[in-house]
Amino acid sequence: MSELALLDERKDFIRQKKDGGCSGAFRCEANSLSGAVSQRACVYCGARVVLNPITDAYHIVHGPIGCASYTWDIRGSLSSGREIYRNSFSTDLKEEDVIFGGEKKLEAAIKEIADNYHPRLIFVYATCIVGVIGDDIEAVCKKMSKEYGIRVIPVRSPGFSGNKAVGYKMACNALMELWSRMNADDVKRSIACRPDIIHIGTPVSYIQIYSKLRKNKSWVIKNLLECVDIAKNKGIDVTVGFEDASRADIGFILSLAKELKKAEVDIIRIADTVGVLTPSRTKELIKTLVSYTDMGIELHIHNDLGMAVANSLIGAIAGAKFIDCTLFGIGERTGNCNLYDFVHAADVIFDLVMNKKQIKQIEKELYDMFKHIIQ
Amino acid sequence: MLDYTKKEAYERSGLRVNPAKTCQPVGAMYAALGVHACMPHSHGSQGCCAFHRMFLTRHFKDPVMAASSSFTEGSSVFGGGSNLKTAVKNIFNIYDPEIIAVHTTCLSETIGDDLSALIQDMDIPEGKYVVHTNTPSYKGSHITGFSNMVASLIQYLSVKSRKSNGKLALFPGFVNPGDMRELKRIAELMGVAYTILPDTSGVLDGPMTGKFSLYPKGGTKVEEIIQLGDCVSSIAFGKFASEAGAEALYKKCGVDYQLLGMPIGVGRTYEYILALQEFTQEEVPYQLEEERGQLVDILIDIHPYTYNRKAAVFGDPDTVLGIAEFLLEMGMIPKYLLTGTPGEDFEEEAEELFAKFGVEGCRAKAFGDLYELHQWIKEDGVDLLIGGTHGKYIARAEDIPFVRAGFPIIDRYVHSYMPLVGYKGGMRLAEMICNALLDRMDRDAAEEDFEMVL
């Protein structure tokens with residue numbers, strides 16, 4: 001086996017099997033030397049390859065025809081059913097578009113698909129030339145998203161902005177955008193059921209935002225307001241649930257509430273998701289909220305420390321207008337506030353439309369219905 | 001398959017779906033490969049070069065070498081001049097070609113790199129050449145790129161000395177090596193001395209020798225391109241792919257040219273042979289006469305299965321028109337003709353063809369795409385589909401027999417070694433068409449109709 005003649009700059013990129021072994025680190029992820037006969041591909045290529053197997057999405061390539069035609073059917077998928085991804089979509093930019101900007105054409109392209117095919121999802125890929133002429137594909141995508149109520153996601157992948165590995169990253173970023181905004185999709189599905197009210201829940205404690213969602217506060221505010229917006233635009237009332245509010249920073253809760261009030265949300269639901277509230281803390285929390293926000297407060301307490309009824313009662317006295325209760329106190333872990341017990345205690349303070357006798361009757365009927373299963 | 005296509009036509013303003021063309025640079029790369037010991041160079045991002053090489057390799061099933069300027073964000077801001085300088089230096093050092101043929105990409109065109117200036121200022125080794133052509137991908141199609149490269153090679157290199165070389169210049173157009181071999185063979189049979197530009201035979205259809213050659217034996221030599229200026233006259237096949245080259249030679253060196261259609265079928269091949277005869281003033285040898293007779297005999301033999309059958313043809317404009325004319329000669333109806341390349345001339349020439357053969361109800365469109373073709377077929381079907389690989393989805397969705405002819409054909413082998421031009425090419429095309437129709441007959445025949453003799 002003769003010695004390979006190698007360029008000095010390239011020695012680290014190549015491993016040759018010698019003396020029965022082939023070890024050592026590989027260098028990769030660099031650009032080709034100018035003038036090399038290289039098979040290295042570009043950022044756009046990397047992005048396209050990663051996202052193509054999302055088979056029921058429409059992949060629109062914003063650029064001259066070449067980029068789309070070379071990546072037509074570039075990667076298969078063993079998924080069955082949807083074959084849309086096997087077509088090739090391009091805005092086929094011409095000279096006028098390069099000179100005067102291609103945004104209008106991109107809009108027209110998205111419209112064409114949205115009007116005729118009612119897609120769930122559209123990806124828009126930027127190519128080299130889009131990067132240079134400065135088309136604002138994010139703005140176009142956002143506009144079209146709003147207009148059609150569908151997901152239009154830009155993929156920031158002009159070919160010269162790096163190498164193929166950067167393309168993989170850009171594709172993943174686009175995917176993250178898709179998943180993290182799934183709430184918007186849920187909202188839309190809810191809208192399709194024609195409710196009068198949509199309740200949107202979001203974690204508000206830092207521990208849940210950062211470690212469960214892996215997001216941050218501004219993301220929560222932005223995302224929440226967007227979801228509220230979607231529902232409100234369809235004329236549906238919205239209530240918002242603050243999950244894990246008992247462990248959240250009161251300042252953050254208040255600022256969220258303020259934003260929601262501006263968005264015409266009238267009721268917020270405070271959840272003691274992990275069941276750690278005490279009566280005095282509950283009183284303090286609800287009093288603060290009622291005085292600072294002037295919104296309807298709903299209270300959702302868990303019974304981990306055996307204080308669900310007590311906390312709910314104190315919360316009601318402090319001004320919460322809506323209390324979540326369950327029959328038999330059934331709920332996660334040790335359960336929620338028991339309806340019978342709550343009515344029993346609250347009857348002397350509030351004017352209730354049902355009394356504890358009626359609750360007992362319902363409990364009995366329910367029990368009779370299910371006792372053969374419970375036994 | 002392709003359930004996305006809607007039957008009813010709707011207004012299409014912004015979207016190209018399933019293109020019937022690709023961008024300029026790959027055409028320029030192909031033309032450059034037809035020059036001996038030439039390294040094509042893509043002045044743009046890495047991706048362009050990789051894609052174009054891949055596209056060509058998939059069609060020819062042979063390795064394609066080309067270098068790239070490897071643009072980065074920096075180059076896009078400050079210009080690609082230094083990339084090109086480094087590239088040229090590296091290419092001559094490492095790969096040592098005789099000539100580097102640079103083509104631009106949409107990126108380098110948009111940032112406004114002035115390649116003539118860059119190349120003029122360059123240090124080019126003695127006896128070596130660097131040429132360039134402008135091929136922005138947002139104009140025209142790969143055919144335009146091919147045409148531009150040929151024209152630029154002539155503009156850079158060809159000179160007129162005081163003595164004629166007695167040769168005929170041939171511009172074959174965007175055809176396979178198999179076609180170029182056939183054009184050369186006919187010229188040799190007629191005793192014509194020629195220079196053909198480009199010549200990818202022996203480059204992309206070379207033999208397996210057990211050794212890899214960076215520069216295979218084939219290709220038009222640089223000296224030959226220089227001496228094109230001394231040719232007596234030239235023939236350009238295919239307006240879209242070849243007129244620019246012939247025009248450039250005429251403007252620069254006063255070489256008169258004849259613009260002929262792609263020599264597919266009886267009439268157009270005959271036109272080529274007559275042009276050669278005019279050049280040599282010699283008789284046409286019996287061998288060619290015999291081939292013509294054979295083709296005509298074949299067309300008569302198969303006509304019971306081909307006559308009045310409707311076909312849709314898509315692909316490159318010159319090739320589509322050539323095939324369409326052949327179909328008309330066969331007595332078939334070229335119902336739909338579609339090319340992705342823009343140009344009203346295509347539609348005009350198609351209408352002239354329809355009028356010449358007296359067929360009605362046929363449609364031709366330039367700057368179209370395969371989605372539109374699929375819609376036409378859904379509305380009113382055809383018996384046969386002819387074109388490149390990308391038609392296979394339509395063929396499967398509509399269950400139509402499919403003949404692969406044109407570019408790119410990336411899911412079959414051997415085709416690039418074989419001609420579509422000349423009488424031999426006509427025989428091959430007739431065989432493919434007839435076989436496709438008869439295979440379909442056999443496939444769908446009831447037991448009692450499954451014939452032994454057809």
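Which residues have the most contacts inside the largest nonpolar core? I looked this up in a predicted model. The answer is A:V155 and B:L153, in a core of 188 residues.

I then asked which helix of chain B gives the most to this core. I found α7 of chain B, residues 142-157, with nine residues.

Next I listed the contacts of A:V155, leaving aside neighbours within four places in sequence. On the list are A:A47 and A:L51, then A:F123, A:V124, A:Y125 and A:A126, and finally A:M170, A:A171 and A:A174.

I also noted another core, lying apart from the one of 188 residues. This other core has 45 residues, and I wrote down A:V228, A:A248, A:M307 and A:L313 as being among them.

I turned to the domains of chain B. Chain B is divided into domain 1 at 24-157, domain 2 at 168-286 and domain 3 at 287-448. For domain 2 of chain B and domain 3 of chain B, I read a separation of 25 Å between the C-alpha centres. Each of these two domains puts 32 residues into their contact.

Which helices of chain B supply at least two residues each to the side of domain 2 that touches domain 3? I noted α8 (177-189), α10 (239-253) and α11 (265-280). The largest share of that side of domain 2 of chain B comes from α8(B), with eight residues.

Last, I sorted the residues on the side of domain 2 of chain B that touches domain 3 of chain B: 18 are nonpolar, eight polar and six charged.

Definitions and conventions: Residues numbered from 1 in each chain as written. Chains lettered and ligands numbered in written order. Predicted model: local features only at pLDDT ≥ 70, side-chain atom pairs only at ≥ 80, totals over all residues. Domains from an automatic or database assignment. Contact = placed C-beta atoms within 7 Å. Helix = DSSP H or I, 4+ residues; strand = E, 2+ residues; numbered from the N terminus. Nonpolar A, V, L, I, M, F, W, Y, C, P; charged D, E, K, R; others polar. Core = buried A, V, L, I, M, F, W, Y, C linked by C-beta atoms within 7 Å. Buried ≥ 20, exposed ≤ 12 C-beta atoms within 10 Å, placed from the backbone.
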